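Visitor: I have the model open and I want labels I can trust. Please take me through them term by term.

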Amino acid sequence: MTGEFRFTFGPWNIHEGADPFGPPVRKSRAFSEKLTIYKELGFDGVQFHDDDAVPEMNDLSPEQIIAQAGQMRETLDDHGLVAEFVAPRLWEDPRTIDGAYTSNDPECRHYALERSKRAIDIANALGTDLIVLWLAREGTYLREAKDSRVAVERLVEAINAMLEYDPQVRFAIEPKPNEPMDQAYIPTTGHAIALGFLTVAPERIGVNIESAHVVLAGLDPSDEMGFALAHGKLWSVHLNDQNGLKFDQDRSFGAVDLRRAFNQVRILDRYGYGRSGEWVGLDVKALRTQKDDVATRHLSNSRTVFLKLLEISRSLDDEKLEAMIGERDYEALDLYIVQSLLGE
Ligand code: XUL
Ligand code: MN
């Protein structure tokens, strides 16, 4: 069974280029303007942080939040777009400085949970049942500051409360080993899936695997995807690329390691990714050096590379591959893959 691919990205993927050492270098585009570009770039789905859909939501009542999200749904309809997921932004508010669900301060944990419930309301209003949890500040800079066992219990407690708040909603945990924290509590796919099994509804907990995050953990993205697929848990992907153990680069898909990208496309395709409605998310950022007028090409380029790699993967001669594997002739296999990637 082959995959069925539709593409999605979030408004943060069209970015002004600010980094920790310098200010924005490109003009800011309103979310409404970004929405007009999706289709041109070949994308049909939108990923949301909760306050992308409802700005300044902390100042609004739950009813106002739902009403505004309803208007956003209409805007999406007007553009022929749909929402893939909503992710609660739990890393900017002063109450999330020391973590959200794992904060040592009960009032901060309460804030995180209430905010997450509003994110669920927004997802419902936008017509998606998927929440992505990037557990940005659930970790430590110094080990003694928190208790790692208690942290897991608090994560489970928070997720259980969300599962009980809405009996339909599903959660895709997006693991990342570091940045902004020195050490995150849920660094890999295995951790995320295991965390799900501690909750009251493991069948509603899956993962969103981001290539760069996996590389930062020293692992291979296609193998992490295989692990999640074997568990029926791969509910979203954030494809991109990453040049080694540095800051999270969100490079264009395939820009650093084409073969690593190829293997991600291949495993998604081989196991029918997308046939149950999963989207291919491209969590890519333009380089800071990119000029304004071309600072969306990283998105269409990533999609183009995905589709090209798909074509290559599908064009491989399965009998030839099986024979090489059967003979344990991995040198021949290696050359066959490299030559195929070279277009020979
Ligand atoms: C952070 C990251 C986020 C999540 C969504 O590294 O990837 O953009 O994908 O919250
Ligand atoms: Mn991501």
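Guide: Start with helix-and-strand input to a lining: S8 gives 3 residues, the largest share, to the lining of the second largest cavity. This is a predicted model, where local features need pLDDT of at least 70, side-chain atom pairs count only at pLDDT 80 or more, and totals for chains, interfaces and linings use all residues. Residues are numbered from 1 along each chain as its sequence is written, chains are lettered from A and ligands numbered from 1 in the order in which they are written, and side-chain values use heavy atoms, with hydrogens and water left out.

Visitor: What makes S8 a strand?

Guide: Helices (H or I, at least four residues) and strands (E, at least two) are DSSP runs, numbered from the N terminus. Strand S8 covers 205-210 and helix H8 covers 211-216, and each supplies at least two residues of that lining.

Visitor: Why is a space called a cavity and not a pocket?

Guide: The test is whether the probe can leave. On a 1 Å grid over the protein atoms alone, a cavity is a set of points where a 1.4 Å probe fits but cannot get out; a pocket is an open set with protein on both sides within 12 Å along at least five of seven lines. Lining residues have an atom within 4 Å of a point. The structure holds 3 cavities of 30 Å³ or more.

Visitor: How do you know how much space lies in the second largest cavity?

Guide: Grid points are joined across faces, edges and corners, and the volume is the space filled by probe spheres set on the points. That comes to about 60 Å³. Its lining has 13 residues, with Pro175, Pro187, Thr189, Val214 and Glu224 nearest the centre. The largest cavity holds about 70 Å³. It is lined by 14 residues, and Trp134, Leu135, Ala136, Lys176 and Ala184 lie nearest its centre.

Visitor: What makes a lining residue nonpolar, polar or charged?

Guide: Residue type decides. Ala, Val, Leu, Ile, Met, Phe, Trp, Tyr, Cys and Pro count as nonpolar, Asp, Glu, Lys and Arg as charged, and the others, Gly among them, as polar. The second largest cavity has 6 nonpolar, 4 polar and 3 charged lining residues. For the largest cavity the split is 10 nonpolar, 1 polar and 3 charged.

Visitor: Which residues lie nearest the centre of the largest pocket?

Guide: Trp12, His15, Ala18, Asp250 and Lys285, out of 41 lining residues. The volume of this pocket is about 1300 Å³. By class, its lining has 17 nonpolar, 6 polar and 18 charged residues. The second largest pocket has a volume of about 500 Å³. Its lining has 22 residues, and Arg266, Arg270, Ser313, Leu316 and Leu321 are the closest to its centre. H10 gives the most to that lining, with 7 residues.

Visitor: Why is the pair Asp182 and Arg143 called a salt bridge?

Guide: The rule asks for a side-chain nitrogen of Lys or Arg within 4 Å of a carboxyl oxygen of Asp or Glu. In Asp182 and Arg143 the closest N and O atoms are 3.0 Å apart, so the pair meets the rule. The two sit 39 residues apart, Asp182 in the loop between strands S6 (170-174) and S7 (183-184), Arg143 in the loop between strand S5 (139-140) and helix H6 (148-165). By this rule the count comes to 22 salt bridges.

Visitor: Why are both partners called partly exposed?

Guide: Buried means under 20% relative accessible area, exposed over 50%, partly exposed in between (1.4 Å probe, protein chains only). Asp182 has 38% and Arg143 has 43%. Both values fall in between, so both residues are partly exposed.

Visitor: How far apart in sequence are Lys308 and Glu311?

Guide: They are 3 residues apart in helix H11 (residues 297-315), which means about one helical turn. Their salt bridge has its closest N and O atoms 3.3 Å apart.

Visitor: What makes His213 a polar contact of ligand 1?

Guide: A polar contact is a pair of N or O atoms within 3.5 Å; within protein, one must be able to donate a hydrogen and the other to accept it, and residues adjacent in sequence count only if both atoms are side-chain atoms. An N or O atom in the His213 side chain is 3.0 Å from an oxygen atom of ligand 1, so the pair qualifies. For Asp248 the distance to a ligand oxygen is 3.1 Å, and for Asp283 it is 2.9 Å.
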